[in-house]
Protein chains: 2
Amino acid sequence: MTELENYIHSYFKVFPDELTVISSLFKLTSLKKGGYFLKPGQICDLLSFHKSGYMRVFQPKGDKKITQWISYKGFFITDLRCIHFNQPTPYYMQALTDCEFYTITRDEYKSLADRLPRWHEIEKLCIASYFTVMEDRVFNLLSMPAAERYQHLLNEHPELFNQVPLQYLASMIGMSPETLSRLRKSTR
Amino acid sequence: MTELENYIHSYFKVFPDELTVISSLFKLTSLKKGGYFLKPGQICDLLSFHKSGYMRVFQPKGDKKITQWISYKGFFITDLRCIHFNQPTPYYMQALTDCEFYTITRDEYKSLADRLPRWHEIEKLCIASYFTVMEDRVFNLLSMPAAERYQHLLNEHPELFNQVPLQYLASMIGMSPETLSRLRKSTR
DNA sequence: GCTATTTCTTGATCTATATCAAAAGTACCG
DNA sequence: CGGTACTTTTGATATAGATCAAGAAATAGC
């Protein structure tokens, strides 16, 4: 069973033959360190499942780059704005390390629903779960001081601290790199 | 055409007979000012479309109450955590004014998909659009100072400033009521 | 309509976190 | 390897926004 099949199987009740249909359409693709999966203004026409490596999703704001998210093994990657509403993305998505994905194009993706009637439902559940993650992030940003946001990220995604430049993590949880550095020092 | 039919029709390509099926299942319900739509620990078993009035979604944190969202005419109201993943809600949802909704129970909701094959797709698109709203909120919280967050809310949802206590709006955009008061003064 | 209660404003402080600057550490590349 | 360029740390200072406290205004209840 591929990671993709495994992931879908572990989250949603899907029959083996449905799994096979899904994973037969996704093709293994890769991106070299530093390469861009997506740039602002483009219309994302891919849906990828992250197999290995780390990718940074960020958006420029003035002379800053705001890191929105770090994707790694187990996440789906796309821009819903593009795939579903045909709008250009505001994001850069850049590989921080060499990355591998299972990838489907937008056209294949559209045909997936024809071949697999439950696909919309699976996708709905997947997007719903990501929605609740975003709800929690908003709550955390509204309610937690910097120290608590740092602790929370450390608990939820400890592996990021070994693999990703700390300045990007600082941005992702809404603080300066200096503040993150001091928080790390104070809990050592 | 009811507000609900109108809303769905304006966002998604749905046939008239599909619309009729959808709106025949939703029943008009209401909630008095101060009443609770949902309290923490409950499992939300309703999906409502907001017809009139204002409702505050908030979550306690220490001795604070963090306002997560203000719902009004045109929003769907539920907790995805409950409806899709059967988990208890962390939220209070309380009517700030008398409210009316078009409401469907969870069981009817489950049967909707049987009667209307495209329902999962419609729902998926709806959740996807809410997801992008949350993405933008996270970006705004990460990248904007208080004054800019205030301006942004004022531009996007000006009606809230007449209908909703300002302290709740302040909480929703991550600042103290005093700060919001001063920002309002400075742009008058 | 009048009082009680809640909400909003204003001013005076305080503090968490940003910014700036430079040193120390680490990774990359010819 | 050894130098160049990033990244992280550390210290000094600045500042946005919080908190505290009190008065003014609005709203709700009788």
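**Two protein chains and two DNA strands: a group meeting talk**

Let's start at the DNA. A:Thr179 puts a polar side-chain atom 2.4 Å from a phosphate oxygen of DNA strand C. That is a polar contact, meaning a pair of N or O atoms within 3.5 Å; within protein, one must be able to donate a hydrogen and the other to accept it, and residues adjacent in sequence count only if both atoms are side-chain atoms.

Some ground rules. This is a predicted model, where local features need pLDDT of at least 70 and side-chain atom pairs count only at pLDDT 80 or more, while totals for chains, interfaces and linings use all residues. Residues are numbered from 1 along each chain as its sequence is written, chains are lettered from A and ligands numbered from 1 in the order in which they are written, and side-chain values use heavy atoms, with hydrogens and water left out.

Back to strand C. B:Arg184 also reaches the backbone of the strand: a polar side-chain atom lies 3.1 Å from a phosphate oxygen. A:Glu178 goes to a base instead, with a polar side-chain atom 3.1 Å from a base nitrogen of DNA strand C. Which elements give two or more residues to this surface? They are α9 (177–186) of chain A, plus α8 (166–172) and α9 (177–186) of chain B. Helices here are DSSP runs (H or I, at least four residues), strands likewise (E, at least two), all numbered from the N terminus. The largest share, 5 residues, comes from α9(B).

There are 19 residues around DNA strand C. To be near, a residue needs one heavy atom within 4 Å of the strand. A:Ala146, A:Thr179, B:Leu166, B:Arg182 and B:Lys185 come nearest. By type, the surface splits into 6 nonpolar, 5 polar and 8 charged residues. For the classes, Asp, Glu, Lys and Arg are charged; Ala, Val, Leu, Ile, Met, Phe, Trp, Tyr, Cys and Pro are nonpolar; the others, Gly among them, are polar. Look at the DNA side too. Of the strand C atoms within 4 Å of the protein, 64% belong to sugar or phosphate, and the rest to bases.

Now strand D. Again 19 residues surround the strand, and A:Leu166, A:Arg182, B:Lys33, B:Ala146 and B:Thr179 come nearest. Sugar and phosphate make up 64% of the strand D atoms that come within 4 Å of the protein. A:Leu166 uses its backbone: an N or O atom sits 2.5 Å from a phosphate oxygen. B:Lys33 has a polar side-chain atom 2.8 Å from a phosphate oxygen of DNA strand D. B:Glu178 takes a base nitrogen, at 3.2 Å from a polar side-chain atom. Here α8 (166–172) and α9 of chain A, together with α9 of chain B, each give two or more residues. α9(A) gives the most, with 5 residues. The residue types are 6 nonpolar, 5 polar and 8 charged.

Next, how do the two protein chains sit together? Chain B lies on chain A with an RMSD of 0.0 Å after a turn of 180° and a shift of 0.0 Å along the axis. The two copies are thus related as by a two-fold rotation axis. The superposition is by least squares on the C-alpha atoms of residues with pLDDT of at least 70 in both copies. Which residue of chain B comes closest to the rotation axis? B:Lys124, at 2.3 Å for its C-alpha.

On to the interface. Contact means heavy atoms within 4.5 Å. Chain B gives 38 residues and chain A gives 38 residues. The copies meet through the same surface, because 100% of the interface residues of chain B are also interface residues in chain A. The chains bury about 3500 Å², 72% of it on carbon and sulfur atoms. Buried area is the accessible area (1.4 Å probe) that two parts lose on being put together, summed over both. In chain B, B:Lys124, B:Phe139 and B:Leu142 lose the most, together 20% of what that side buries.

Last, charges. The interface holds 8 salt bridges, each a side-chain nitrogen of Lys or Arg within 4 Å of a carboxyl oxygen of Asp or Glu. One of them pairs A:Lys124 with B:Glu123, closest N and O atoms 2.8 Å apart. On the chain B side, α5(B) gives the largest share, 20 residues.
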